[in-house]
Amino acid sequence: MSVTTPNQSVELLITELAAARRQVAALEAQLAGRATGPRSAAELLETAVAHSPIVLWCSDCEGRFTLSEGRGLEPLGLKPGQAVGLSAFDLYADYPDVIASLKQALRGKEVIARVDLGGLVYESWTAPLRDASGEMIGLIGVATDITARVKAEAAEVQYRTRFQRVFERSAAGIMLTDFETGRLIDVNPSLCQLLEQDRESMLGKTTVEIGFWIDADQRKSVLSSAEKIRTAPFNRHRLRTATGQTRIVECRGDAIDFNGQACLLTVVHDVTATHRYAEMLRRSRRRLRMLTRFAPVGIFRCTESGKIVDSNRQLAHMWHLDARAIIGQEWWCFVSPDDRDVIAAQWHHAVLHSAPFAAEFRVETAASEQRWFFAQADAPGKAGGLVVTATDITARKNGEQALQQLNEELEARVAQRTSLLVNMNQTLEEQIYERRKAADELAASNEKWRSLVQNAPDLILLVNRKYEITFLNHTQVRPELEVTDIEGNSVFDFVFPEFHDLVRNDLHRVFTQGESVSHEVAGPNQTGDRLWFQSHIAPVWHDGAVVAATVVCRDVTRQRQAADELKQKQDLLTHVARVSMVGEMTAAIAHELFQPLMAISNYVGGCIIRLQRNEPTTIEVLETLQEAVDEAHRASEIIRRMRQFLQHNELKQERVPVRELFSDVQKLSEPAIRRGRVLFQIELPGPNVIVDVDRIQIVQVLLNLVLNAIESLEESADPSRKIRVVSACPEPGWLEMMVEDNGPGLPNDLGDHIFDAFVTTKKNGLGLGLSISRSIVEGHGGTMRASRNGDHGASFVLRLPMRNAE
């Protein structure tokens, strides 16, 4: 459905008013001969409003209508002037959009909006009404009934959606081509599958080029009628697919105009299987004729009146008659006189009601032998006559007589078993007694469960589909209230407003999807303080539908407070670790600052000497001063990075490129890298890899690993000291960052205990760096592991969830 902007709403309103003016002009022309004098502008406006689908209204500052005119009132069930004196806030209390527009206008704003009044859609313009002094004395508004237009727009969207769905999902191939050239404009998936070609390779080509027609002349001959009657008749021909398979297709085309272009819409049906089945049907009919001729049952074809048209040889053989003698006779005339009238009546009844026919009868053969036959036929009334089969069932009838004797013997045995049933009835009564006893025990068990629920420490609620509490087991969390004070109230009365959306969405999932959900919410206690509850919501089913929800609430206020205190202490410990880390880097930082400061001293000293000699200022002096400024900026940047790293900020996750994380670590560790004469290498998987992390904390983890590696390399006898910082994406959605060195490695007996608190391989270390680092990574939803690199070095791997940049 299209959305009308405020500017479009104004344009539509102007259009409606212009139409009203034209109607006024027409009315003036019609009444010019009868009017006794010129009509006033008010009369003309009144006439225009009365004949236009608009509502013209005014109200005072309290919202009471002082004017209500226009034909647009009719769909609302109102007459002109009927709403005068009524309050708009009362009349439209059930429509929040109308109330909001009135309130904005009363605040002095001009409002243009589209409102829905119970299925009727109006374009509404509302503005303050002011007197000559500019003081607001009420409101004025015009509302235009656009219901028909909105429905038409929706119908058009629905039609386009249905056409696109039919085009895409049709089992038949559909193509849209230029009528003159035959070039393809669009094709659906079914045609692509039929021709075994993809859509992109087909578009723009002619139907001859894709192999649909053998040549252009064949297409012209088929479309000759389409130029006259706008429709190409059904045409069946063979074509060859892209893989060389032969297909038989039947197509029909209609000439249409598409975006002002003469086009042909062609529907193509693959009738290869139909053609094959038709051939199979012809062969099947030949086999049927052979089967009829040599079948072991009698088969004959007759009219609805019962006269035999033809028959197979077996029928004359079974009835001991001449095959030529039975043609033209009513077939029941060969039935035994005892059954003849009944069979004829059954046949006529089947013909009259177009029902299938089936009957058993006797036939007396020429050898005075009486044999039983079973005849059956499909529903009479079908074209081509009725086919009747006659099967000799004499042997079956003899078997039925023998079966009758057996039934009589069985009845005697049933009488003997009756006495046994009496005994079984007594046994059944005893079982009923046992079941009643079990029912009593079940009732006692239910009472135990009821007691368990009532005395459970957790709060158990039952909530209906209106979000009202219909049951709770106790009020221990709100001792000032009784159970009756809570039952019947909304669950939202007992949680803080910021959790209303969470509770509403979870209950909606339970009621509509039958899911079980869990969440934590906060509600007030009797003093208004915040209590935290861990809630689990599960559906209650009845007759396949969710009729209510059970809510089990556990008071976790103390656990939540303890968790908050623990997090504060962990954040403080993390900050202390950063401070300690910088302390370990003090010597390297001092050395890094010493170089730019000495350079500044030398540059400035040289300039002072030149100035003392009264030498003129040259480009060489300016360059020397600029070099001193650059060295000062270098020292300032080192100090700025250290201050930023030492800031104690709250956890703040943001989208950070991995290359920026590695760059921060390299800049912070650069003094220690130079002092330790270490080769530092960075390897990235790509420029657009992004992770959601707290930048300072992840840099702290990586910097701690790099400093540990530098310190371990100081103990290595290998002069080629090297540290690699590598990132990779082993699987979608995850990023791994590895810090690897070629130092002495990790002790074999530590294993995963290297991350435990107060476990260290340093002489003066506290054993907290790796423990804090692992806590930071796990707080980001990731993992951290360590391993030895053979005989030399160690590797530490961080695994974090990531997000790819678009």
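Modeller: A salt bridge is a side-chain nitrogen of Lys or Arg within 4 Å of a carboxyl oxygen of Asp or Glu. The model discussed here is predicted: local features need pLDDT of at least 70, side-chain atom pairs count only at pLDDT 80 or more, and totals for chains, interfaces and linings use all residues. Residues are numbered from 1 along each chain as its sequence is written, and side-chain values use heavy atoms, with hydrogens and water left out.

Biologist: How many salt bridges does a search of the whole structure find?

Modeller: Side chains of opposite charge can pair when their charged atoms come close. When the whole structure is searched for such contacts, the number of salt bridges is 30.

Biologist: How far apart are the closest N and O atoms of Asp60 and Arg64?

Modeller: Arg64 has a relative accessibility of 36% and therefore counts as partly exposed (buried is under 20% relative accessible area, exposed is over 50%, and partly exposed lies in between, with a 1.4 Å probe and protein chains only). Arg64 forms a salt bridge with Asp60, and the closest N and O atoms are separated by 3.3 Å.

Biologist: How many residues apart in sequence are the parts tied together by Arg236 and Glu250?

Modeller: The side chains of Arg236 and Glu250 meet in a salt bridge, with 3.3 Å from N to O. Arg236 belongs to strand E8 (residues 231-240) and Glu250 to strand E9 (residues 246-258); strands (E, at least two residues) and helices (H or I, at least four) are DSSP runs numbered from the N terminus. Both partners are partly exposed, Arg236 at 45% and Glu250 at 23%. The pair therefore ties together parts whose separation in sequence is 14 residues.

Biologist: By about what distance along helix H10 are Arg282 and Glu279 separated?

Modeller: Arg282 forms a salt bridge with Glu279, and their closest N and O atoms are 2.1 Å apart. Arg282 is partly exposed at 39% relative accessibility, as is Glu279 at 28%. Because the two residues are three apart in helix H10, the separation is about one helical turn.

Biologist: Which residues form a positive surface patch?

Modeller: Patches are made of residues with over 30% relative accessible area and no salt bridge, where like charges are joined within 9 Å and nonpolar side chains (Val, Leu, Ile, Met, Phe, Trp, Tyr) within 5 Å. One member of the patch, Arg287, is placed in helix H10 (residues 272-294), and this residue counts as exposed because its relative accessibility is 54%. The positive patch consists of Arg285, Arg286, Arg287 and Arg289.

Biologist: How many aromatic pairs are counted?

Modeller: Rings of Phe, Tyr and Trp (its six-membered ring) pair if their centres lie within 6.5 Å; planes under 30 degrees apart count as stacked, over 60 as edge-to-face and the rest as tilted. Under this rule, the count of aromatic pairs is 14.

Biologist: What is the angle between the planes of Phe300 and Trp331?

Modeller: The two rings form a tilted aromatic pair with centres 5.9 Å apart, and the angle between their planes is 45°.
Their pair links distant parts of the chain, since Phe300 is in strand E11 (residues 298-302) and Trp331 in the loop between helix H11 (313-319) and helix H12 (337-353), 31 residues apart. Phe300 is buried at 2% relative accessible area, and Trp331 is buried at 0%. The angle asked for is thus 45°.

Biologist: With which residue does Trp331 form an edge-to-face pair?

Modeller: This pair measures 5.9 Å centre to centre, with 70° between the planes, and joins Trp331 to Phe357. Trp331 lies in the loop between H11 and H12 and its partner in strand E13 (residues 357-364), so the pair ties together parts that are 26 residues apart in sequence. The partner counts as buried at 3% relative accessibility. The residue is Phe357.

Biologist: Near what value is the phi of His320?

Modeller: His320 is found in the loop between H11 and H12, where it counts as partly exposed because its relative accessibility is 42%. His320 is a residue other than glycine, yet its phi is positive, near 55°.

Biologist: What is the approximate phi of Ser354?

Modeller: Ser354 lies in the loop between H12 and E13 and is partly exposed, with a relative accessible area of 46%. Although Ser354 is not a glycine, its phi is positive, at about 50°.

Notes. Areas by Shrake-Rupley, 256 points an atom, 1.4 Å probe, with all protein chains shown as cover. Lys, Arg positive; Asp, Glu negative; His and termini not counted. Charge placed at Lys NZ, Arg CZ, Asp CG, Glu CD.
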